[in-house]
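Biologist: Could you take me through one small part of this protein, slowly, as you would for someone new to structures? I'd like to see how that part sits in its surroundings.

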Amino acid sequence: MKRYFIYYMILVWAALTSCEDVIDVPVQDGPTRLVVEASLDWEKGTAGNVQTINLRTSTPFFDKNKVTAVTDAVVVVTNDNNGEQYVFAHQSNGEYLTTGFEPVIGQSYTLQIDYDNERYTATETLTSVAEITNVFQDVEDGFDEEELEVHIVFDDPIEEGNNYLFKFQRRGDLLPELEVAEDEFVNGNEIDWWYEIEEDEDKNVLPFQPGDIIDIEMYGISRPYYEYINILVDQLGGVGLFEATPVAVKGNCINETTPDNYAFGYFRLTEVVRTSYTFVEENQE
């Protein structure tokens, strides 16, 4: 009986290993949509007059043609209070530029894009951000008490409803890390926000080491944008057993001509502070 069983297993193994047919699974493509990258960010201490908006069209996931820049749109941003308009002129490869923008904290602006015989609009308010008062390193607050983490300290304004977007990028890393925060339980207090990189041997990710330089950006964002980006940040980790399934997240760009043909992306206006930090040996702190 054992001999027959061995013969059977050899036949099964041979059948499995000899199967080399390629099966093409049809993948349904969604409609091509306008993709709007309209982040007007006013860095503290600058005039904020130079701003860019990038436009492209969406492509199927397996499409090898990655050049989808929109080069023939008309892009205008209007100050909703005084009606002043800022025309964004096309430069190249889907980038639209203005050098005369005038940022005003708390002011509402409307974006208008005319493209392919359709009109897209979005309205957003320029949101302020607090100053960073201190940046330092530590090892006590992270998930691993032996690994370095960076801390940024700032005073949250007493007014309720402040929302923040943090962008951390270690120099040499391909992509930044995004985190969001709200002041619901810390309104008006000093906030110490820390960030740590956890080691991942499978992905060849190392924690912070002495000599590493990290660039930090902190944005003041509106509540609608907080809710939008919070969903996107949750989806960046991929799909796991207890993670949300990625879905198409609608931004604030509305197609006035054909509502069902909505655009991807978001029109945001933020104030931002930027800094960097170089890690040192712990005994040098």
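Modeller: Here is a walk around one loop, the strand after it and the sheet they belong with.

First, some housekeeping: this is a predicted model, where local features need pLDDT of at least 70 and side-chain atom pairs count only at pLDDT 80 or more, while totals for chains, interfaces and linings use all residues. Residues are numbered from 1 along each chain as its sequence is written, and side-chain values use heavy atoms, with hydrogens and water left out.

Let's start at Asp-116, in the loop between β6 (108-115) and β7 (118-125). Strands here are DSSP runs of E, at least two residues long, and helices are runs of H or I, at least four, both numbered from the N terminus. Asp-116 has a phi near 55°, a positive value in a residue other than glycine. Asn-117 is in the loop between β6 and β7 too, and its phi is also positive, about 65°, although it is not a glycine. How accessible is Asn-117? It counts as exposed at 79% relative accessibility, and Asp-116 is exposed at 58%. (Exposed means over 50% relative accessible area, buried under 20%, partly exposed in between, with a 1.4 Å probe and protein chains only.)

Now step into strand β7, where you'll find Glu-118. This residue is buried, with a relative accessible area of 14%. Leaving aside neighbours within four places in sequence, Glu-118 is in contact (heavy atoms within 4.5 Å) with Ile-113, Asn-255, Thr-257, Thr-258 and Asn-261. Its side chain makes a polar contact of 3.0 Å with that of Asn-255 and another of 2.8 Å with that of Asn-261. (A polar contact is a pair of N or O atoms within 3.5 Å; within protein, one must be able to donate a hydrogen and the other to accept it, and residues adjacent in sequence count only if both atoms are side-chain atoms.) Glu-118 and Asn-261 are 143 residues apart in sequence, yet 9.4 Å apart in space, C-alpha to C-alpha.

Zoom out, and 12 strands form an open sheet of mixed pairing, in the order β11-β10-β13-β15-β1-β2-β5-β4-β3-β6-β7-β14. β11 (177-182) and β14 (254-255) stand at the edges with a single partner strand each, so one side of each is left without a neighbour in the sheet. Two strands pair if DSSP finds at least two bridges between them; β3 and β4 (residues 85-90) do so in the antiparallel sense, over four bridges.
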